[in-house]
Amino acid sequence: MSFISIIIPFKKGKRYLIDCLDSLTEQNLQDEEIILIINGNNEEGIENLIHTYSQRLNIKLLTFEKEIGVGKARNEGLKIANGKYIYLMDSDDYLYTDALLNLISAAKKTDADFINGERINTYFIKDRFDEQLIDATPLKQSKLSDEEFSLKLLVGRQTNSMEVLSVLHALIKRDMIGDTLFNENNRYFSDYEFIIDIFDNVHSFYGVEDSLYAKRNSDDPIKLTSLNQEEKGDEFLLYCKEYENVLKRISLKKEEKYLLLKEEMLDKFYREYYQNFAVNFARNPNDKWRTDYFDALYEILNDFNENKLPVRQKIEMKAFKDKNKKKLKSIIQIRFILRRIKEMLTSYELFKQLIYLNIFNKQKINEKQILIESFRGDFYSDSPKYLYQYLYEHYPDKYEFVWVMNNPNIKIPGNPKTVKKYSLSHFKQASKSKYWLTNTRQPALLSKRNNQILISTWHGTPLKKLGFDMGNLYLDDPKSKFHYKKDSSEWNYLISPNRFTTDKLRSSFAYEGEVLEYGYPRNDILYNHDNTIIEKIKDKLNLPKDKKIILYAPTWRDDESYDIGKVKFNLKLDLDSLKESISDEYIILIRTHYFISNNLDLTTFKGFAYDVSKYDDISELYLISDILITDYSSVFFDYANLKRPILFYTYDLDKYSNMLRGFYLDIYTDVPGPLLFTTQEVIDAIKNIDAISEQYHKKYEEFYNTFCYIDDGNASKRIVEKIWENR
Ligand code: C2G
């Protein structure tokens, strides 16, 4: 007989299951049994995966070809579980260091009937959980008794409000459960019933402080919805009804454990009111929040003791309990206004945003004005630059141009107006301009007015997965997928260089609007240039004319970001060896991605290595270089227009493709150059560049025909004629 039986139903999400089983492996369990119930899953490779884990974990497999529901799946597990304690886990969740081990030690020490730890909601993959803990401080027992602490953990402070009374992350003595089963007809709240059904039997509780269970919200609410993210119809009513049922059942009981539980549940429900319900009550256009939902909530919170609240909250709750809806609405409004004022006093940008929304956005739109931004205001570059050039050369009097720049003193040909990013005049011009032309996602503080026209050129054919297509989330902002949708819903036109990009951007941004698959304006210069342009660029950069040029332009890595939008660069090419082997013939230009904020120190490589990261336009750098070295950046799709050799320095390929984003193409077979993993391999490739070009000739042609077939130097013309000519 095992000490514990771990029951895990698995329906979908192989990549989540891996995190779950990895975290169990790390607990160093003795021979504890894991009952894994395959619940109608048909993802590829599951059998192999389980086979691999079976070498380290004692897995008992129950397989159901067709989905049987979570309740039933757990029941099937319960029927064969033979441990002294039962432990229920979801296959998309994972355990933090020693979480289960600490529960087991507590069980051995106390022999309590019910031993639990804390559940914390997260959007993050396992490797990022540490960082999340900085914001979500785990609960401390403080002066609470074992029973009080355990019940506090049971109701949960840092989990989704619908996950009150979760059975997850608790060791429950088998004897307490007896023949009790989960209600197989209740899809969302079967945990509530189960806990209350066994509650009478449980006489000793023990809560463990340092035992954390990551309750994962799916980072892909569209394709991998977790149960708590499913649309449940009239969700709020359903939720209140279940809650009320439980409260009714426990209200009849007089034992201390029930009184404590009731108080915890009411507290949690009050928090739900304060954080979510109130805003809907005051502002949601759906009247149900002020009628049916209000009544349902009233039934529950009527029992809540508001005297323990701070004064302002107490007054608000009093109005709620008196059903004085008019008064309640104004108290809530005042609460939000005060909060907003506080935010604005601490952030000048939010203050400006308020003026933008309430004053500037009331002004008349200038039908001739085009607001332009490239790479978040850092550069005068990319497709916005080339569209702008075409427009001002062909229609100098018909349109007025405003460039958004972080450095507004920069000289731009044609002398357009420039505004500093997020200055008051930026907000003003943004609300006045008929057109917005941009190549990245929109600035977070702006929202397009209905009659403005937004043209997104985006900034590259994607190799790396984006937005909704992205696998494990490793970003700063767990809500990023919702932001993708918000952004794309504002686009009127999306510019695309090829069919592949059209398809990927449609799916990654869930975009259904108009796509102009007309080629990339930024690549026009790759077809329209002569030697004088090339000489001029070299002069501008002070480069020697007697050497060939290698451009090294890698992308950024999600796990090297240390703050929102700031990423540090680690140069993984050994410049000493490169210099020693190729500097007779070549110089190297190093171009970091625009997210990179640290400077390179190349002083010891003077005359050989040049930092061109601040140079505005990478298209001009393509023009002057003889070889491109990159990794997973979209730069090679553009560079291929020149039909010059490309090398891929992919020193961290495994990590990038598995743990970070993953790719849209098979990088091993689809790219037009060799994958290289060490500096020595890069050197050898450079020395044999002619042979490599020969070797990749056919693949290069295929690649060109798939991705560069539209670009011909006239993309800007086609786009301008379509959008602006006949206006
Ligand atoms: N870029 C650059 N220098 C680099 C890398 C990129 O100037 N060292 C510019 C290029 O114009 C490139 C664009 O930034 O096409 C986008 O860079 P990516 O490395 O592809 O990365 P990202 O910004 O994450 O863009 O769909 C496009 C990409 O998949 C996403």
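**Note on a predicted protein–ligand model**

1. Asp 98 is found in the loop between strand E5 (94-95) and helix H4 (99-110). The structure discussed here is a predicted model. With a relative accessible area of 32%, Asp 98 is partly exposed, because this value falls between the limits of 20% for buried and 50% for exposed. The backbone of Asp 98 also deserves attention: its phi is positive, near 60°, and the residue is not a glycine. As background, most residues other than glycine have a negative phi.

2. Two further positive phi values may be read alongside that of Asp 98. Phe 375, again not a glycine, has a positive phi of about 40°. Its place is the loop between strand E9 (366-373) and helix H15 (382-394). Phe 375 has a relative accessible area of 10% and is therefore buried. The other case is Ala 510, which follows helix H18 and has a positive phi near 45°.

3. The overall dimensions may now be stated. The protein has 727 residues, of which buried residues make up 59%. Its secondary structure consists of 29 helices and 23 strands. Along the principal axes, the C-alpha trace spans about 90 × 65 × 45 Å.

4. Which residues of helix H18 are buried? In this helix, which covers residues 499-509, they are Phe 500, Thr 501, Thr 502, Leu 505, Ser 508 and Phe 509. A general point helps in reading such a list: an α-helix has 3.6 residues a turn, so residues three or four places apart point the same way.

5. Aromatic pairs are the next topic. The count comes to 56 aromatic pairs. In one of them, the ring centres of Phe 500 and Phe 707 are 5.1 Å apart and the planes meet at 85°. Why is this pair called edge-to-face? The angle of 85° is over the limit of 60 degrees, so the pair belongs to that class. The two rings come from distant parts of the chain: Phe 500 lies in helix H18 and Phe 707 in helix H28 (residues 697-707), with their positions 207 residues apart in the numbering. Both Phe 500 and Phe 707 are buried.

6. A second pair has another geometry. Tyr 649 and Tyr 651 have ring centres 5.2 Å apart and planes at 50°, and the pair is tilted. Is each tyrosine of this pair buried or partly exposed? Tyr 649 has a relative accessibility of 3% and so counts as buried. Tyr 651, at 24%, is partly exposed, because this value is not under the 20% limit for a buried residue.

7. Positive charges over aromatic rings form a separate topic. Lys 108 lies over the face of Phe 3, at 4.9 Å from the ring centre. Likewise, Arg 335 lies over the face of Phe 336, and here the distance to the ring centre is 5.2 Å.

8. The ligand is surrounded by 21 residues, and those that come nearest are Thr 555, His 593, Tyr 594, Ser 633 and Ser 634. By class, the shell comprises 10 nonpolar, 7 polar and 4 charged residues. Where do polar atoms of the protein face oxygen atoms of the ligand? A polar side-chain atom of Trp 458 is 2.8 Å from a ligand oxygen, and a polar side-chain atom of Arg 522 is 3.0 Å from a ligand oxygen. Gly 460 contributes through its backbone, with an N or O atom 2.9 Å from an oxygen atom of the ligand. On its own, the ligand has 600 Å² of accessible area, and the protein covers 98% of it.

9. Lys 434 lies in strand E12 (residues 433-438). Is this lysine buried or exposed? Its relative accessible area is 11%, so Lys 434 is buried. Asn 451 stands 17 residues from Lys 434 along the chain, and their C-alpha atoms are 7.5 Å apart.

10. The final point concerns Leu 57, found in the loop between helix H2 (46-54) and strand E3 (58-64). At 7% relative accessibility, Leu 57 is buried, because the value is under the 20% limit. Between Leu 57 and Trp 556 the separation is 499 residues in sequence and 37 Å in space, taken from C-alpha to C-alpha.

Conventions: Residues are numbered from 1 along each chain as its sequence is written. This is a predicted model: local features need pLDDT of at least 70, side-chain atom pairs count only at pLDDT 80 or more; totals for chains, interfaces and linings use all residues. Side-chain values use heavy atoms; hydrogens and water are left out. Buried means under 20% relative accessible area, exposed over 50%, partly exposed in between (1.4 Å probe, protein chains only). Helices (H or I, at least four residues) and strands (E, at least two) are DSSP runs, numbered from the N terminus. Rings of Phe, Tyr and Trp (its six-membered ring) pair if their centres lie within 6.5 Å; planes under 30 degrees apart count as stacked, over 60 as edge-to-face and the rest as tilted. A charge sits over a ring if NZ of Lys or CZ of Arg is within 6 Å of the ring centre and within 35 degrees of the ring normal. A residue is near a molecule or strand if one of its heavy atoms lies within 4 Å of it. A polar contact is a pair of N or O atoms within 3.5 Å; within protein, one must be able to donate a hydrogen and the other to accept it, and residues adjacent in sequence count only if both atoms are side-chain atoms. Accessible areas come from the Shrake-Rupley method with a 1.4 Å probe; for residues, only the protein chains shown count as cover. Ala, Val, Leu, Ile, Met, Phe, Trp, Tyr, Cys and Pro count as nonpolar, Asp, Glu, Lys and Arg as charged, and the others, Gly among them, as polar.
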